[in-house]
Amino acid sequence: MITRRDFLKTAVLSTLFAGSQFNLKAASSPVPLPPLPTPNHMIWQKREQYMFFHFGVNTFSDREWGTGKEDPKSFNPTELDARQWVRAAKEGGFKMVVLTAKHHDGFCLWPSAYTEHSVKNSPWKGGKGDVVKEVSEACHEFGLDFGVYLSPWDRNCPFYGDSPKYNEYYKNQLKELLTQYGKISIVWLDGACGEGPNGKRQEYDWDGYMKIIRELAPDAVVFSDKGDVRWVGNENGLAKDTCWSLYNRSVVEIGGGVQAQMGQGDPNGVDWAPAECDVSIRPGWFYHASQDDKVKSLSHLLDIYYRSVGHNCCLHLNVPPDKRGLLHENDVARLKEFRKAIEENFKTNLAAGKLCTASTVREKSSKFAPQNLTDGDRKTYWALDDGQVAGNAVVELGKPTTFDLILLQEYIELGQRVSEYHIDVWDTEQEQWKELIKGTTIGYKWILRVPETTTEKVRLVIDNARACPAISSLELYKAVYK
Ligand code: FUL
C-alpha cells in the first residue's frame, strides 16, 4: 500500500530532482516509428480480454465440426438466456463478446433471408427467435462490445465451391450481420476452406469481404491472417516469448498453416497486426456434457493470461453455452475466480509513485522523465534521445520490497520499439546489481513472472530497440493467486 505520506515524499523528491536535472523548455516527442496502430487497434488492445461463444447445431449433436446435414429442428435450447452469458463475461472482466453466428456447418443463429438452414426452421421460439439479436442486445445492455464469427467454410450451402455464387451469398450474410445488430466491434474470419458438392475448392473473395466490412462496420477490427488482428498460431491461448505487433501480411497465406510470422510477428514487418490468443475454457470449442469436469483450472487460466495479455496480445477465451442455452455453472464459477485472481494479483503496484532516476532522459526534459514509469499514467513515458537505443532507469523502492510480477508497457502509439532488455535488482549485501531476468519485446503490455524477489531498487536496462525507447510503465506486484 502506498500511504499518503509516501506519496507526498516522492512528489517532493521528484520535484526537487526535476528542478535540478531537467530543462524546462519545450521538448520534442520521439517521431512515431511505423507501422503504427490505428485508433481501432488501440481500442482493441486496451480491451485486453474478450469472450467467444461457440453455439449452434453442434451444441445439440455433441460435435465440434458439423457436417452441414444437421436438421434445423435439432436446435432447441430450452432456457436460452443471452443476458446470463453476457453477465458472466462482464463479471469475468471481459470487455467484448464474439458469437459464432455461423460455424462450418452453415447453420445460422439469425433468420438469414438467404438460407433455410437457420433458427427460423428450429422449434426454438417457434422459429421466431434470433440468437444474434439476443446476444447483441445483452451486450448493449451490459456495456460490452459485440462481434461476429461468420465462417467462410460452409458445409451446408449447396453452391459452396461455385465460387462467385457462394461469395455473393457470403457477402449477403455479412451485410445482414453488419447492418441489423448495432455496432460491430470485431469480425472474426478463419481461413478454413473446403470443396463444395461440385468437387471444386471454394475461392474466397477476401478483398470483397474486407470492402464490405470497412464500409458497413467502420468500428470493427478484422481478425484474419490478412486482417487487422492476426492469429497467434495455436489454440492454447499462448504467445511466444517474443511477440511483435509488427507483421508482414504479404508473406502469409490465409489458412495456410502456422508460420513463424503468426507467433512472433516480425521486427521488420511493415504492417501493424497484433496477435490474438484464442483458447477454450474446456477442451472443445462447443459444449459437451462429458467435459463438464474438464473446465480449465484457475492456475491454467492464469498461465494463459500471463502468456497472452502479458505477452502483448489480447486473450479471446471461449465459454460455450450448453444445450439449455446457458453457460454451465462450472464455467461461470471459474470465470468469477479468474476475475478475482487477476484483480487481487494486480491490486497493489509496489512501485507506484516511487522515485525514479535514469541514465539519460530525452532532451533532458521533465516531460520524458523516468518518473513517468511509476506515475500510473500510460500516456506519459520515459524516453531517450533520438538514435539512443540503450539506457536504464532505476526505481527506488525506499525499503526492502518483495514482488514476483513485473509489468512493463511501451507507449505503442509511437510504434513498438524495444527488442532486448533485462531487469536488475540491487543486492544490498554485495552492493551491486544482479540480473534478475532478460526479455525481448514489450509492446502494449508485458508481464514477467520472476521468483519471489526482495530488493530496495529495481533497474530496467534497455539493451536494444528499433529506435529510441518510450516506456510508459514499470509496475511491481506480489501475486496472491498462482
Ligand atoms: C477454427 C475452427 O475450425 C474451430 O472449430 C473453432 O471455431 C476455432 C475458433 O476456429 O478455425
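So, the ligand: in this predicted model, the ligand sits in the largest pocket. Let's walk around that site together.

Which residues surround the ligand? Going along the chain, we meet Phe52, His54, Trp65, His103, His104, Tyr149, Trp188, Asp190, Glu235, Asp278 and Trp285. By character, that shell divides into five nonpolar, three polar and three charged residues.

Now look at some polar side chains in the shell. What is the distance from the polar side-chain atom of Asp190 to an oxygen atom of the ligand? For Asp190 it is 2.5 Å. His54 also places a side-chain N or O atom by the ligand, 2.7 Å from one of the ligand's oxygen atoms. His103 joins in with a polar side-chain atom 2.9 Å from a ligand oxygen. As for how covered the ligand is, on its own it would expose 290 Å², and the protein buries 90% of that area.

Let's move on to the cysteines, since someone usually asks. How many disulfides does the structure hold? The count is zero. As a reminder, a disulfide is a covalent bond between the sulfur atoms of two cysteines.

Take Cys108: the closest cysteine sulfur belongs to Cys157 and is 9.4 Å away, so the two are too far apart for a bond. The cut-off used here is 2.5 Å between the sulfur atoms. Cys468 is in no disulfide either, with the nearest cysteine sulfur, in Cys356, 18 Å away.

And are these two cysteines buried or exposed? Cys108 has 0% relative accessibility, so Cys108 counts as buried. Cys468 comes out at 3%, and therefore counts as buried too.

Terms used
Residues numbered from 1 in each chain as written. Predicted model: local features only at pLDDT ≥ 70, side-chain atom pairs only at ≥ 80, totals over all residues. Heavy atoms only, no water. Buried < 20%, exposed > 50% of the residue type's maximum accessible area, 1.4 Å probe, protein only. Near = heavy atom within 4 Å. Polar contact = N/O pair within 3.5 Å; in protein donor to acceptor, adjacent residues only side chain to side chain. Areas by Shrake-Rupley, 256 points an atom, 1.4 Å probe, with all protein chains shown as cover. 1 Å grid on protein atoms, 1.4 Å probe; cavity = no way out; pocket = protein on both sides within 12 Å on 5 of 7 lines; lining within 4 Å. Sits in = over half its atoms within 2 Å of the grid points. Nonpolar A, V, L, I, M, F, W, Y, C, P; charged D, E, K, R; others polar.
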